[in-house]
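Please look over the pockets of this structure, then at one pair of packed helices, and finally at a single residue on the outside.

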Amino acid sequence: MDQKTETELQAAAFRRLVSHLRENTDVQNIDLMNLAGFCRNCLSNWYREAAEDKGIEMSKEESREIIYGMPYSEWKAKHQSEASPEQQKAFAERNPNH
């Protein structure tokens, strides 16, 4: 497979992942962190870092809006629930330095 095709497939998979996360707002970021070790915020950070590697300045809020499809504050107000004690404990156990 040539590099251009590989990049196009990776981009398509990324767009599908972002779309999936946008559609499944019931899945909380803490659940993603506890199960997969990353969340929407991590993905937005990776996006911003990739932009910066290309010399493109991007704020945290700009990259989050790309991933969430809306301002992060709006997404939190609409979809984020308070983490349960069990979720917080699992997060602390998985991420002791966080």
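The largest pocket holds about 330 Å³ of space, where a pocket is an open set of points, on a 1 Å grid over the protein atoms alone and fitting a 1.4 Å probe, with protein on both sides within 12 Å along at least five of seven lines, and where a volume is the space filled by probe spheres set on the points, joined across faces, edges and corners. The model is a predicted one, in which local features need pLDDT of at least 70 and side-chain atom pairs count only at pLDDT 80 or more, while totals for chains, interfaces and linings use all residues. Residues are numbered from 1 along each chain as its sequence is written, and side-chain values use heavy atoms, with hydrogens and water left out.

Of the 14 residues that line the largest pocket (those with an atom within 4 Å of a point), Asn29, Ile30, Asn41, Tyr72 and Gln80 are the closest to its centre. Two helices, α2 (29–36) and α3 (40–53), each supply at least two residues of this lining, and α2 gives the most, with three; helices here are DSSP runs of H or I with at least four residues, numbered from the N terminus. By class the lining of the largest pocket comprises seven nonpolar, six polar and one charged residues, with Ala, Val, Leu, Ile, Met, Phe, Trp, Tyr, Cys and Pro counted as nonpolar, Asp, Glu, Lys and Arg as charged, and the others, Gly among them, as polar.

The second largest pocket has a volume of about 220 Å³, and its lining is formed by Thr7, Gln10, Ala11, Ala50, Ala51, Lys54, Ile56 and Met58. Helix α1 (3–23) and α3 each supply at least two of these residues, with α1 giving the most, three.

Helix α1 also packs against α4 (residues 60–68), at an angle of about 80° and with the axes 8 Å apart, the axes being lines fitted to C-alpha atoms over the stretch in contact and angles running from 0 to 180 degrees between N-to-C directions. The two helices are therefore roughly perpendicular, a term that covers 65 to 115 degrees. Phe14, Val18 and Arg22 of α1 meet Glu65, Ile66, Ile67 and Tyr68 of α4 in this contact, which means heavy atoms within 4.5 Å, and the residues involved divide into five nonpolar, no polar and two charged.

Arg16 is likewise found in helix α1. Arg16 has a relative accessible area of 66% and is therefore exposed (over 50%, with a 1.4 Å probe and protein chains only).

Definitions and conventions:
Angles under 35 degrees count as roughly parallel, over 145 as roughly antiparallel, 65 to 115 as roughly perpendicular and the rest as oblique. Buried means under 20% relative accessible area, exposed over 50%, partly exposed in between (1.4 Å probe, protein chains only).
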